[in-house]
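Please open the model in your viewer and keep the selection tool at hand. We will go from stop to stop, picking something and looking at what is around it.

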2 protein chains.
Amino acid sequence: MTARAESSSGRRGRRTRRVEVAKVGVIEQLPWTQPVYTDPPTEPLDEDGLEAVHDAAMRIVEEIGIDFLHEDARRVLKEAGCEVQSDSPTVRMDRAFVMEQVEKAPEYITLEPRNPDHTLIFGGAYAAFGQVASPPNVSDLDGGRRIGNRKDYQNPLFDMLTLTDKLIHAYSLGKERMVDAIEMVRIAADLDDEAFEAAPRMFTNINSSSPLKHDWPMLDGAMRLAKRNQLVIVTPFTLSGAMAPVTLAGALAQQTAECLAALALLQVVRPGAPVAYGSFTSNVDMKSGAPAFGTPEYVRATQISGQLARRYKLPWRASNANATNCADAQATWESAASLWACSTAQANIVYHAAGWLEGGLCASFEKFVIDCEMLQQLAYYHRPVGVTEADLAVDAIRDVGPTGHFLGSAHTQERYKTAFYSPFLSDWSNFENWEEGGSLQTPQRANQIVKQVLEQYQPPPMAPATLEALTEFVERRRAEGGAPTDF
Amino acid sequence: MTARAESSSGRRGRRTRRVEVAKVGVIEQLPWTQPVYTDPPTEPLDEDGLEAVHDAAMRIVEEIGIDFLHEDARRVLKEAGCEVQSDSPTVRMDRAFVMEQVEKAPEYITLEPRNPDHTLIFGGAYAAFGQVASPPNVSDLDGGRRIGNRKDYQNPLFDMLTLTDKLIHAYSLGKERMVDAIEMVRIAADLDDEAFEAAPRMFTNINSSSPLKHDWPMLDGAMRLAKRNQLVIVTPFTLSGAMAPVTLAGALAQQTAECLAALALLQVVRPGAPVAYGSFTSNVDMKSGAPAFGTPEYVRATQISGQLARRYKLPWRASNANATNCADAQATWESAASLWACSTAQANIVYHAAGWLEGGLCASFEKFVIDCEMLQQLAYYHRPVGVTEADLAVDAIRDVGPTGHFLGSAHTQERYKTAFYSPFLSDWSNFENWEEGGSLQTPQRANQIVKQVLEQYQPPPMAPATLEALTEFVERRRAEGGAPTDF
């Protein structure tokens, strides 16, 4: 296993002092650390089954081919020996070529955001959780559902770079947006060009336009980011029954073909570039065609995706997804199933880990808090169970005896503060007290927490000169007309 | 593995014709079958860790002892060689004795209720789901929370035996109640005494009065049932931090000691009697002392209980538990965690599998429906994923190509009806349609299903002579004063 990189070289002198992440007083948050899955992964397919899916994926890239709707991408692949016709977007590549490229990709990636204390390792049994991304709508109990806006999301990259010092995602939506994003991340991290490229410090996620197609804006952004040694996750949009076969094995073969074809391109663009296998295979409701998430099929598809990613020695991504319209029981069982899928599959990044509703069409403030509670429990769950002589507690049992109680025993008193996970959102009071307190359901309690957290929020420190440079850059680019947004 | 027993011998002639379980039209129910876990179990402890817990349990029964508040039980154990003092309820037994008794217990148990089509296997990777039991309160969205009553539960054993033909549980609350229960199950199944005893046809669950104590009513009922070759599950009430050590390993050692001591008694009473290891270890909220369920600690305790039960080659029981006051997000994430615990631990019977709220103080109609949806998804999840050439769908992918869609493809059309799990409670409509339909949240939809199911309910068939015999028995026992209920 690659050890946590300690590369803070290349940082210039005006860097501000590192401080601990601001303690959020409202909720009992576990200390910052990257969770590690301790259970062995659940692997639904045996070796033959896994090889059958791999072989099907290879037949797809060899015999059927993948459309690359980007001239430069096709040129690069043709020069690398792939089969490309001048009058067709389709690229066919043989399996030896694909596997040769995939082998160049790193098995572990160390991602260094502007605060190196928030460095993440991406690979193996490491987990990382990313918040909901992309919904056009936002909702909370106070304002209801509305079109997304800057106040609700504090969304433009400038806000992301100033309001958090954690890892940043940039959209692959054309040249200008990606070039600007790279420049802003570099400025915010206070690095020169060479130092920026020395390590992955940001990432993008591109979706294929399934079936069998990679669009121009995604490919363009991905190639630009890969050239700068930044992480690209390739996530086919393979909803089984709609954009992919109705059989899970078929959808996963297609997912793998679409993903590895793009990863091969990126390895040709920059050998060794940090890339990741993205899994989003779920099913649709065959009665309506509506997408479904957190289903039994989603769990199995995610687990098999993990098997495939490990077969290719690639870090990989899955999601905490649901297809529900409000933060109720259905949203929770779908999210719980998605998170258990990620956990049993050992997903390295759980994307949309908090806040997603409506199959990704809405970011919910209350669901965000609910998901954070579930995520923290998941992280805690993976701590090992102690079996020392003191843990076995035979002497404490003897001391308490058949008529005693453990609450007051010395064994309990020594340990009670840290013995158990302490949820910040659960209400474990009895019915009478709960009723007296207003019978608040979970989303109502989450709504209160949202307000308290926002009220107490302190942005992470940024050196004044850095903030000034970032502001200047944004103002100049605005004056120049900004980046096109019509994708 | 013991094959499904086909023992229908001993049944008398007036038995009615077997019919298929009444199809409930409201919900899409999977065909009756017993689910089997297909994933290997998650085992948090290594072999040394597991042996350490076992050894601690053995030290407890050997050195500290377990209190048996039942004179006959102590007499039986003393005659079997255990250390019993005349002035103390405490019984000490050495580990060789305990393990010798436990080895007599069957690894698999076939349970035959009055309808043999509903026979269950208890052991190995087989799963069975039992509904909520014991809450003093009941609730639904229409009537709110109220004290339990016969109309809501149709609770007395007579109703259970006439309204369902599935496996019946009888409470171990004293002599009369258990003797009556055995007699009623025998009459309802239309069996003579010898035929009744030929196979397990009912069960009881007894809880130790932790720490380290078995009470009279539970022991009395358990011994009566064991003598008649019926299943006894022994479930210590080991809430970590209250009735058991604050450390999970300690609580599990105590759970094991309390459980195996009672199982040893039952094996002395009737060697080979069907018995099961019961797990209920969870933690309390250390701020309030309130019980908590579905926590990370609960999941780990359940998984380790599975390891212990397999070590002893015993069928075993866990629960779908939560500590929430209404069927909201918290109730769902706690239940989802409990059910994943049961699944990853391979619990043979998931008790309280549907309908439990408030740490067992309330049976909720809506939660019952929500849990059934989660249970059906769990059962479906354990079906294997196909990887045949047709499943891999390379030809279908070729036919659809980069500009097509799979919804209309022949490959999809041939499979769409059964390709995916179809939930009966989920609403996957888009936000606009959902809003137009009244923005119904999950409990409201569940409430509608409750009403429809009850409206369409048809009791399973029972021969008129059997019903008459059962009615006569109940009327006679009522006239005689019934069974005492002051436990």
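What follows is a short tour with a few selections at each stop.

**Before you start**

This is a predicted model, in which local features need pLDDT of at least 70 and side-chain atom pairs count only at pLDDT 80 or more, while totals for chains, interfaces and linings use all residues. Residues are numbered from 1 along each chain as its sequence is written, chains are lettered from A and ligands numbered from 1 in the order in which they are written, and side-chain values use heavy atoms, with hydrogens and water left out.

**Stop 1: the two chains together**

Colour by chain and look at where chain A meets chain B. Contact (heavy atoms within 4.5 Å) involves 107 residues from chain A and 107 residues from chain B. The size of an interface is often given as the accessible area lost when the parts come together. Here the buried area (accessible area, 1.4 Å probe, that two parts lose on being put together, summed over both) is about 8900 Å², and carbon and sulfur atoms give 66% of it. Now select A:Trp333, A:Phe420 and A:Trp428: in chain A these lose the most area to chain B, together 10% of what that side buries.

**Stop 2: A:Val246**

Next, select A:Val246, in the loop between strand 13 and helix 9 (248–269) of chain A. Helices (H or I, at least four residues) and strands (E, at least two) are DSSP runs, numbered from the N terminus. Is A:Val246 buried or exposed? A:Val246 counts as buried, at 2% relative accessibility; buried means under 20% relative accessible area, exposed over 50%, and partly exposed in between (1.4 Å probe, protein chains only). Show its contacts, leaving aside neighbours within four places in sequence: among them are A:Ser240, A:Gly241 and A:Met286, along with B:His411, B:Tyr416 and B:Phe420. Add A:Asn283, 37 residues from A:Val246 in sequence, and the C-alpha to C-alpha distance between A:Val246 and A:Asn283 is 7.7 Å.

**Stop 3: a sheet of three strands**

Stay in chain A and select strands 13, 15 and 16. They form an open sheet in the order 13-15-16, with mixed pairing; two strands pair if DSSP finds at least two bridges between them. Strand 13 (239–240) and strand 16 (291–292) of chain A are at the edges with a single partner strand each, so one side of each has no neighbour in the sheet. Strand 15 (residues 282–284) of chain A pairs with strand 16 of chain A in the antiparallel sense over two bridges. To find the register, label A:Val284 and its opposite number, A:Pro291 in strand 16 of chain A.

**Stop 4: two crossing helices**

Two packed helices are described by the angle between their axes and the distance between the axes. Select helix 3 (residues 95–104) and helix 9 of chain A: their axes come within 8 Å and cross at roughly 65 degrees. Axes are lines fitted to C-alpha atoms, for helices over the stretch in contact, and angles run from 0 to 180 degrees between N-to-C directions. Show side chains for the residues that make the contact, including A:Phe97 and A:Val102 of helix 3 of chain A and A:Leu260 and A:Val268 of helix 9 of chain A.

**Stop 5: strand 7 and its partners**

In a regular strand the side chains alternate between the two faces of the sheet. Select strand 7 (residues 137–140) of chain A: A:Asn137 and A:Ser139 point one way, A:Val138 and A:Asp140 the other, and all are buried. Which strands should you add? Strand 8 (residues 144–147) of chain A is joined to strand 7 of chain A by four bridges in the antiparallel sense, and the two make a hairpin with three residues between them. Strand 20 (residues 362–364) of chain A runs parallel to strand 7 of chain A, over three bridges. Label A:Asn137 opposite A:Ile147 in strand 8 of chain A, then A:Val138 opposite A:Ala363 in strand 20 of chain A.

**Stop 6: backbone details**

Select A:Ser210 and A:Pro211, joined by a cis peptide bond with omega near 5 degrees. A:Pro211 is in the loop between strand 10 (202–206) and strand 11 (213–214) of chain A. In chain B, a cis peptide bond also joins B:Ser210 and B:Pro211, with omega about 5 degrees.

Finish at A:Asp190, which is not a glycine but has a positive phi near 65 degrees. A:Asp190 sits in the loop between helix 6 (175–188) and helix 7 (193–197) of chain A and counts as buried at 1% relative accessibility.
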